[in-house]
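User: I would like to learn how to read a pocket and a helix pair in a model. Please go slowly.

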Amino acid sequence: MERQTNIMIFPGKTIFFVILLLVSLLPGLSARAQRVQTREEYIDRYKSIAIAHMERYGIPASITLAQGILESDCGNSWLSMQSNNHFGIKCKRDWRGDKVYYDDDAKGECFRSYPSVEASYEDHARFLDGQPRYDSLFAYAPTDYRSWARGLKAAGYATAPDYAQRLVRIIEESDLYLLDRENGDALYSRRHASGIGTDEWFTGQSSVEGAATLAGEGIDYDNYRVTINAHDGYNVYRTNGVSYVLAREGDTYERIGKSFRVSARNLRKFNDVEPSAQPMTGEMVYIERKRNRWEGNAMTHTVKEGETLFSLGQSYGIRTKSLRRMNKLRDRHAELVRGQQIRIR
């Protein structure tokens, strides 16, 4: 039997509207394609600017890049793609440049818009250098990124309660502290090209005090925060032998769960959060169950300003309930005091 082929002929008007629809979708498709930029690509693209600003203004290159990574979601956020604003700087009264409006702490807030990413970096440096409330930060050495991170939060740069911890986490996960040193660009490139000197460079840099250095055997990599893979646009990291990703702008547990074939309900359980909770941009999201204790050599953690049982559990890959039981605390919301010793194993 001869096969019959049906051909649909569209009127001229229909074809015109189809073409118009496709053209209107192109900006969205282009923006979506841009979201694949990884953290490593972002660092390679902008680290030279951050180093130059450190030499000129005294702002640690690690801090500049960590803020750019966090605030712009590695250049993938709507705000950064629409306005080249990589640091979330709002208009303020003295801003005379272009503007864009975006829902942040409030609806339709005014943010600065720049002709290029480089202009955004320059304005960020001048913003910190010229605002009196940030003057105290410049008393810290460019290599003291932890004090800079705490100082930015204390001065009100961001409203997130764990903003300083997020910056430090990014810096230590990506070895950005190397960029703050003399010949930092070369040190960073060597570290990521060959892994030479990992033991020496990591010593004293991690916020996980004394963790997992095995006598005579070097570094136990499973107990450090290291990149192990990439999947569906996410870098997958591991700490304490447990895998996690960093939430991107607009992420939900449902979206992350779909990417990794884990139910949103289980993701919330893995991360010790409420049934209705959603992750914030840059937040750690564990994609498997955390452990009951720290598997490295460290026995305790010295509490820093602003840390909670929950934040420690996320940082170490330990269940909040386990931390509470080990330390005989009444509930997960028990207040921790700076300098307090918390058992982690």
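User: Which element gives the largest share of the lining of the second largest pocket?

Analyst: First, the basis: this is a predicted model, where local features need pLDDT of at least 70, side-chain atom pairs count only at pLDDT 80 or more, and totals for chains, interfaces and linings use all residues. Residues are numbered from 1 along each chain as its sequence is written, and side-chain values use heavy atoms, with hydrogens and water left out.

On a 1 Å grid over the protein atoms alone, a pocket is an open set of points where a 1.4 Å probe fits, with protein on both sides within 12 Å along at least five of seven lines; lining residues have an atom within 4 Å of a point. Helices are DSSP runs (H or I, at least four residues), numbered from the N terminus. Here, α7 gives the largest share, five residues.

User: Which elements give two or more residues to that lining?

Analyst: They are α6 (145-154), α7 (163-173) and α12 (309-316). In total 22 residues line the second largest pocket, and Ala 164, Gln 165, Lys 304, Glu 305 and Glu 307 lie nearest its centre.

User: At what angle do the axes of α2 and α3 cross?

Analyst: Axes are lines fitted to C-alpha atoms, for helices over the stretch in contact, and angles run from 0 to 180 degrees between N-to-C directions. The axes of α2 (residues 39-57) and α3 (residues 61-72) cross at roughly 140 degrees and come within 8 Å. That makes α2 oblique to α3; under 35 degrees counts as roughly parallel, over 145 as roughly antiparallel, 65 to 115 as roughly perpendicular and the rest as oblique.
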